[in-house]
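Here are some exercises to work through with the model open beside you. Try each task before reading the solution that follows it.

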Amino acid sequence: MAIVKGEKEYFEGIGEIRYEGKDTDNPLAFRYYDENRIVQGKTMKEYLKFACAYWHSFNGNGSDPFGEPTHIFPWDVKSDPVERAKDKMDAAFEFITKMNLPYYCFHDVDMVDYGPDVAENERRLRVLTDYALKKQEESGVKLLWGTANLFSNRRYMNGAITNPDFHVLSHGAAQVKAALDATIALGGENYVFWGGREGYMTLLNTDMKREKEHFARFLHTVRDYARKNGFKGTFFIEPKPCEPSKHQYDYDAETVIGFLRQYDLLGDFKLNLEVNHATLAGHTFQHELQVAADTGMLGSIDANRGDYQNGWDTDQFPNNINELVESMLIILEAGGFQGGGINFDAKIRRNSTDREDLFYAHIGGMDIFAKSLLVAEEILQKSDYAKLRKDRYASFDSGQGKAFEEGRLSLEDLRDYAASNGEPRLVSGRQEYLENLVNRYIF
Ligand code: XUL
Ligand code: CO
């Protein structure tokens, strides 16, 4: 990939990150991510579709509720917001191309600062969209998805599209329209809705039914606008149960699928699942992936990991091989992502202040996904993993089990089968055997 720099080089001394194989001791090289290697009939680059998240890498400054920024960005100096945003974009594309990341994702306000004036915000975003388009053309980097940030501005404190005040809703809509226009202009492959404030803090002041109906009505309105304006991609909803709201309507995969089905939106929407959101919902990431895969709704993922001790969204870079191999097994068996890819919705730690840290984080994340993909492919090709699971259900493949599946047995028939066949034998679920099987291919 051609490295695309601006006037200034922000990551000086760091060149293109290349695949050097697993035995390299170069910390600024890939050990497993070989973008041209064929897996499942596609190159790794096409299969995994890695994306850089603009917000964590170029806006997130390391500040937390207890402390000031620790990441002091050299591109964040000019006073004019549009000029400053262009510098940031220079840095972003320099990083993305040095990392060989094929995609990126953004919120409107990551690209350029927004103020209170709708028309001025639209103007700013259009300038940056034009700037991004040139950079995309120069580098070949593509937009995996765009989105609007409807949670940071104080006007959204009671929600954006589910706000009890129609005036606030209209501002959310204006932002979505502009973000969608930018996504379409940039050839964005998908558009995401994550509703951090679409939920409630207390039911004492909330008409939940009406708020959810407003959200559904709005999604129809957006879908119609986008299709009319040539958007061919997929809309994703990103579930998360809470944080920042006490309760969010897009709680988890199952809840979102039910909502989309209820409001007749299944045809245009799929899911963007995030590891740390799954665990906040009390699920494994694998569970969320399987729920989505089983309904043909596995659109894309936001890659990160949580912390075993902390109960919030720590958005750390992924590094749990067992979690990811089990996840890749589900993704492979589902036939890959439906339109999406792997967006690193992850941030380096507050005290990771070296220029290289952002590179190490992405290299580690890309390598562990690449390794997990290879391991999962081998498990599916060489082991009896898939067969063992299928065989567990063999009693439904013929005879009375099959008749039950086909709806041909009454409750009396089931009772009679039990009465005439005695006590079932105990059949092992072989969990430890399967865990060892996965490890055998990892090591
Ligand atoms: C927040 C989160 C968001 C979405 C995009 O937890 O994951 O960054 O991915 O709005
Ligand atoms: Co996310």
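A residue counts as buried when its relative accessible area is under 20%, as exposed when that area is over 50%, and as partly exposed in between. Keep in mind throughout that this is a predicted model.

**Exercise 1. The cobalt site**

Task: Find the protein donors of the cobalt ion (ligand 2), and state the geometry of the site.

Solution:

- Step 1. Start at the metal: E238 and E274 each donate through OE, while D302 and D345 donate through OD. These donors lie 1.9 to 2.1 Å from the cobalt ion (ligand 2).
- Step 2. Next, look at the angles, which run from 80 to 173° among the six donor atoms, and the site is octahedral. For six donors, that label asks for opposite donors over 155 degrees apart and all others between 65 and 115.
- Step 3. Now place the donor residues along the sequence, where their spacing reads E-x35-E-x27-D-x42-D. E238 sits in the loop between β8 (234-237) and β9 (247-248), and D302 belongs to strand β11 (residues 298-303), so this pair ties together parts that lie 64 residues apart in sequence.
- Step 4. Finally, check the burial of that pair. E238 is buried because its relative accessibility is 4%, and D302 is buried too, at 0%.

**Exercise 2. A closer look at E274**

Task: Which side chain of opposite charge is nearest to E274, and how far away is it?

Solution:

- Step 1. Locate the residue: E274 is part of strand β10 (residues 269-274).
- Step 2. Consider its charge partners. E274 is buried and has no salt bridge. The nearest side chain of opposite charge is that of K240, 6.1 Å away, whereas a salt bridge needs the nitrogen and oxygen within 4 Å.
- Step 3. Look for other polar partners: the side chains of E274 and H277 make a polar contact of 3.0 Å.
- Step 4. Add the surroundings. Apart from neighbours within four places in sequence, E274 touches E238, F285, D302, N304, D313, D315 and D345. E274 is itself a donor to the cobalt ion (ligand 2), as are E238, D302 and D345.

**Exercise 3. Salt bridges**

Task: How many salt bridges does the structure hold? Then work out where the partners of D268 and K382 lie.

Solution:

- Step 1. The total is 28 salt bridges. As a reminder, side chains of opposite charge can pair when their charged atoms come close.
- Step 2. Take D268 with R223, whose closest N and O atoms are 3.0 Å apart. This pair links distant parts of the chain, with D268 in the loop between α8 (253-262) and β10 and R223 in helix α7 (residues 208-228), 45 residues apart. Both D268 and R223 are buried.
- Step 3. Turn to K382 and E378, with 2.8 Å between their closest N and O atoms. The two residues are separated by about one helical turn, because they are four residues apart in helix α12 (residues 357-382). K382 is exposed, with a relative accessible area of 57%, while E378 is partly exposed at 28%.
- Step 4. Some bridges share partners: K5, E9, E94 and K98 are joined into one network in this way.

**Exercise 4. Backbone details**

Task: Which residues does a cis peptide bond join? Then compare the settings of N100 and D264: is each buried or exposed?

Solution:

- Step 1. The cis peptide bond is between E243 and P244, with omega about 15°. P244 is in the loop between β8 and β9.
- Step 2. N100 has a positive phi, near 60°, although it is not a glycine. N100 lies in the loop between α3 (81-98) and β4 (103-107), and its relative accessibility of 5% makes it buried.
- Step 3. D264, also not a glycine, has phi near 60°. D264 is in the loop between α8 and β10 and is exposed, with a relative accessible area of 62%.

**Exercise 5. Placing G306**

Task: Where does G306 lie, and which residues are in contact with it?

Solution:

- Step 1. G306 is in the loop between β11 and α11 (321-333).
- Step 2. With a relative accessible area of 23%, G306 is partly exposed.
- Step 3. Leaving aside neighbours within four places in sequence, its contacts are N276, T314 and Q316.
- Step 4. For a longer reach, compare G306 with V112: they are 194 residues apart along the chain, and their C-alpha atoms are separated by 29 Å.

Technical notes. Residues are numbered from 1 along each chain as its sequence is written. Chains are lettered from A and ligands numbered from 1 in the order in which they are written. This is a predicted model: local features need pLDDT of at least 70, side-chain atom pairs count only at pLDDT 80 or more; totals for chains, interfaces and linings use all residues. Side-chain values use heavy atoms; hydrogens and water are left out. Buried means under 20% relative accessible area, exposed over 50%, partly exposed in between (1.4 Å probe, protein chains only). Lys and Arg count as positive and Asp and Glu as negative; His and the chain ends are not counted. A polar contact is a pair of N or O atoms within 3.5 Å; within protein, one must be able to donate a hydrogen and the other to accept it, and residues adjacent in sequence count only if both atoms are side-chain atoms. Contact means heavy atoms within 4.5 Å. Donors are N, O and S atoms within 2.8 Å of the metal (3.2 Å for Na, K and Ca); water is not among the atoms, so sites may look incomplete. Four donors count as tetrahedral if all angles lie between 85 and 135 degrees; four count as square planar and six as octahedral if opposite donors are over 155 degrees apart and all others between 65 and 115; anything else is irregular.
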